[in-house]
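Q: I should like to learn how the features of a protein structure are read. May we work through an example together?

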Amino acid sequence: MKTLNDFDVKDKLILLRADINSDVSKGKIILSERIIEASKTILELKKKKAKIVILAHQGNSGKRDFVSLKQHAKLLSKYTRVKFIEDVCGEKAIRAIGKLRSGEVILLDNVRFVEDEFNPGKKNNVLLKNLSPLFDLYVNDAFSVCHRDHTSITGFPKNMDSCIGPLVEAELKALEKVSMKNCLYILGGAKPESNIKLLKGNKVLACGLFGQMCLVANGKDLGYQNRYLEDNVLVKGDYKKFKKKLKKKLKNVETPIDFAVIKDSSRKEFLLKDFPLEYEIEDIGEGTIKKYVEEIKKAKAIYMKGPAGSSSDERFAKGTVSLLKAIASSKGFSLVGGGHLSDTIEKYKLPKKRFGHVSLSGGALLNYIAGERLPGIEALR
Ligand code: 3PG
């Protein structure tokens with residue numbers, strides 16, 4: 001696979017697919033490791049005097065985090081100047097791309113605002129038609145989106161010169177050495193579709209929205225949280241059908257025995273059996289943490305994906321931080337993935353070197369571990 005070193009990018013127009021998808025709190029984008037790491041690739045291209053156009057996404061349609069990339073440009077600009085263009089592939093974007101000078105950078109708006117992002121094979125796909133002819137090189141530096149057959153991931157490499165960026169290169173190199181034999185899987189987060197792929201005889205500790213969803217699939221009534229899950233968990237297609245499918249795969253899955261909620265602005269814990277039905281669940285409780293930490297101590301290899309609770313809120317980071325601390329102290333090889341976990345490791349200054357590999361990627365990494373081919377990587381081969 002070609003890398004940036006195979007191309008002379010000086011004065012060339014580069015279409016850089018980055019992943020700067022980050023947490024959103026009350027409409028505000030939280031500065032993430034993904035943004036910080038992407039800024040390093042941008043700086044490298046800038047130094048080489050390329051003309052850089054960044055294409056990226058934020059969230060998913062219908063969800064609270066589906067917003068424009070205006071704030072991301074501001075956050076990236078803390079590291080290197082990035083101008084935001086409120087357009088993806090229309091006249092405004094084309095005009096701005098045409099005016100770019102060497103060493104300058106623009107960030108186009110959320111690529112998922114454009115319907116054709118989801119139709120990579122469509123004839124006259126507007127993203128491919130309008131953008132491909134403008135660029136000299138497409139660079140995929142978004143490993144965490146490589147499991148998606150989306151135009152910005154699989155469409156461009158079929159149409160033009162392409163290569164992987166330094167972040168994808170580093171992820172692939174680290175993953176070559178990984179062995180997941182006899183692995184303990186700790187699966188959290190809000191994207192259960194990928195998690196379900198690992199529920200095949202593996203020992204799994206479920207947490208986060210995924211853990212709650214396992215409980216609900218098994219018939220537990222979590223009251224208010226049932227609705228919250230339905231609205232916030234990312235499932236393609238029918239939610240009820242997905243729950244039925246999940247129910248059949250829960251044999252080796254341990255689920256939380258207690259939860260933390262927000263009461264009078266502070267953390268309060270309840271056992272699952274007395275769980276009051278009117279609260280939104282924010283974290284796993286002390287009992288679950290203790291139980292899961294014991295399992296981590298015994299494990300030969302550990303993979304954790306997705307947070308155990310609302311990890312960006314300090315009151316509810318305890319579950320995620322405690323599990324990560326236990327993983328860092330364990331003797332087993334560990335692989336930790338996803339934007340929330342890499343952010344938590346940085347924020348709480350956990351010893352990064354004590355983990356086998358910390359990936360910026362959640363779902364893509366999981367698919368990779370499950371032995372699936374990643375369409376984004378295949379398209380570049
Ligand atoms: C992620 O957050 O895992 C990546 O940015 C991919 O996002 P997606 O799951 O919404 O495609």
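Q: Which residue is the bridge partner of I262 in strand 13?

A: Strands of a sheet pair through backbone hydrogen bonds, either parallel or antiparallel. In this predicted model, I262 has R267 as its bridge partner in strand 13. A second pair belongs here as well: K263 stands opposite S266 of strand 13.

Q: In which sense do strand 12 and strand 13 pair, and over how many bridges?

A: Strand 12, residues 258–263, and strand 13, residues 266–271, pair in the antiparallel sense, with six bridges. The two form a hairpin with two residues between the strands, and D264 takes a positive phi near 50° in that hairpin.

Q: Which strand is joined to strand 12 by three bridges?

A: That strand is strand 14, residues 281–284, and it runs antiparallel to strand 12. Within this pair, A260 stands opposite D283 of strand 14.

Q: What is the order of the strands in the open sheet of three strands?

A: The order is 13-12-14, with antiparallel pairing. Strand 13 and strand 14 are the edge strands, each of them pairing on one side only. From one strand to the next, the twist averages 40°. Helix 12, residues 318–329, packs on this sheet and touches strand 13 and strand 14; the direction of helix 12 makes about 20° with that of strand 14.

Q: How should one read the order and pairing of the open sheet of six strands?

A: The general idea concerns side chains too: in a regular strand they alternate between the two faces of the sheet. In the present case, the six strands follow the order 5-6-4-1-7-8, and their pairing is parallel. Strand 5 (83–84) and strand 8 (162–164) stand at the edges with a single partner strand each, so one side of each has no neighbour in the sheet.

Q: How many bridges join strand 1 to strand 7?

A: Five bridges join strand 1, residues 13–18, to strand 7, residues 137–141, and the two run parallel. For example, I14 has L137 as its bridge partner in strand 7.

Q: Which helices pack on this sheet, and which strands do they touch?

A: One of them is helix 1, residues 33–47, which touches strand 1, strand 4 (51–55), strand 6 (105–107) and strand 7. The direction of helix 1 makes about 170° with that of strand 1. Another is helix 5, residues 151–159, which touches strand 1, strand 4, strand 7 and strand 8. The direction of helix 5 makes about 145° with that of strand 7.

Q: Let us turn to the ligand. Which residues surround the ligand?

A: The surrounding residues are D19, N21, R34, H57, N60, R112, S144, R148 and K191. By class, this shell has four polar and five charged residues, and no nonpolar ones.

Q: What distances separate the ligand from the side chains of D19, N60 and K191?

A: A polar side-chain atom of D19 lies 2.9 Å from an oxygen atom of the ligand. For N60, an N or O atom of the side chain is 2.9 Å from a ligand oxygen atom. For K191, the corresponding distance is 2.8 Å. Of the 310 Å² of accessible area that the ligand has on its own, the protein covers 94%.

How values were computed. Residues numbered from 1 in each chain as written. Predicted model: local features only at pLDDT ≥ 70, side-chain atom pairs only at ≥ 80, totals over all residues. Heavy atoms only, no water. Pairing = 2+ DSSP bridges. Helix = DSSP H or I, 4+ residues; strand = E, 2+ residues; numbered from the N terminus. Contact = heavy atoms within 4.5 Å. Axes fitted to C-alpha atoms, helices over the stretch in contact; angles between N-to-C directions. Near = heavy atom within 4 Å. Polar contact = N/O pair within 3.5 Å; in protein donor to acceptor, adjacent residues only side chain to side chain. Areas by Shrake-Rupley, 256 points an atom, 1.4 Å probe, with all protein chains shown as cover. Nonpolar A, V, L, I, M, F, W, Y, C, P; charged D, E, K, R; others polar.
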